Amino acid sequence: MHSINSKAQSTRDQQNTLNDSLYIQEVQDKKEPLKILHAEPLYIDLIRDLGARKGEKEWNFGLGITDKNKYDEYLALVEYEWAPLNRLGFEVELPFTIYPSNQNGNTPQSKLNGLKLATQYSFFVSENYKTSMAIGYIHEFELTPFSSFGNSKLFTGNIYSPFFVAAKRWGSNFHTLLYTGPIFQQHLNPSSVQTSWQINSNFHYMIPGTRNFIGIEVNKELQKNDFDMTVRPQMRVEVTHQLLVGIVTGIPIGRENERFSSFLRLIYEPKH
């Protein structure tokens, strides 16, 4: 009986290894420019896959809720990303913040946060090291709340966010990724600039032979005399070959005005 169980386990291990190899080969097909399979975080996602190939495109729809102690904050986003050239990605995003109730006059006003434009270029892709690196830039034009449309200036400021990404796959299933860079928030009235630094570290395990994964994303933000961190356990599930669902839970550590949060991301990849 022990011998039979050992053989069955060995067969399952061999099948998992084969499935991993086939899926990795599907992504890293040598007939096209080299691309390494990496697990992408779900909350602070990338502009396009590292090592993106010309013609790739993707729609993202996000919805989240955050307990802000005194009120609830709802988040929604629509984004489209595409690769016009090998290793070069672009993204357009519309992020919304919605406050359904005004408790004691402390609730901010609902608004379309801004028009977010971004680009990312993968300058290093190594099959030997299973590593990819990229630089990118996000520019967001901040908008006035819905209630102020027509009564004040439409644009209230700019957010400048250059960033660096490095990712490595360990073996076939374990993935790590670092996303970091400064954020410069420019307010137009009154004129001022607020600077912070983000350091987002990620660890994921991809289920053998699938695009499903479980993992953790740690979002850290440093400002003058302040440090905030949120741990985000997460999972991604493939519904169809073109549709994936990401589920994220936010656990704040050291955030004074925020409690638990949740976030759902729908990822649709049209054929190309």
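## Gln120, a buried polar residue

Q120 counts as buried, because its relative accessibility is 2% and the cut-off for burial is under 20%. This reading, like the rest of this report, rests on a predicted model. In that model Q120 belongs to strand β5, which spans residues 114-126.

Two polar contacts tie the side chain of Q120 to backbone atoms: the backbone nitrogen of I47 is reached at 3.4 Å, and the backbone oxygen of R48 lies 2.8 Å from a polar atom of the Q120 side chain. Leaving aside neighbours within four places in sequence, Q120 is in contact with L46, I47, R48, D49 and L50, with R87, L88 and G89, with A134, I135 and G136, and with F163.

## Ile47 and its surroundings

I47, whose backbone nitrogen takes part in the 3.4 Å pair with the side chain of Q120, has contacts of its own beyond four places in sequence, namely E81, G89, F90, E91, A118, T119, Q120, I138 and F163.

## The nonpolar cores

I47 is also a member of the largest nonpolar core, whose 11 residues are L46, I47, L50, A118, A134, I138, F163, V165, A167, L177 and Y179. At least two residues of this core are supplied by each of β6 (131-143), β7 (155-170) and β8 (174-188), and the largest share, three residues, comes from β7. A second core, separate from this one, has 10 residues, among them A39, L42, F213 and L244.

Of the residues in the largest core, L46, I47, L50, A134 and F163 are among those in contact with Q120.

Conventions. Residues are numbered from 1 along each chain as its sequence is written. This is a predicted model: local features need pLDDT of at least 70, side-chain atom pairs count only at pLDDT 80 or more; totals for chains, interfaces and linings use all residues. Side-chain values use heavy atoms; hydrogens and water are left out. A nonpolar core is a set of buried Ala, Val, Leu, Ile, Met, Phe, Trp, Tyr and Cys residues joined through side-chain atoms within 4.5 Å. Buried means under 20% relative accessible area, exposed over 50%, partly exposed in between (1.4 Å probe, protein chains only). Helices (H or I, at least four residues) and strands (E, at least two) are DSSP runs, numbered from the N terminus. Contact means heavy atoms within 4.5 Å. A polar contact is a pair of N or O atoms within 3.5 Å; within protein, one must be able to donate a hydrogen and the other to accept it, and residues adjacent in sequence count only if both atoms are side-chain atoms.
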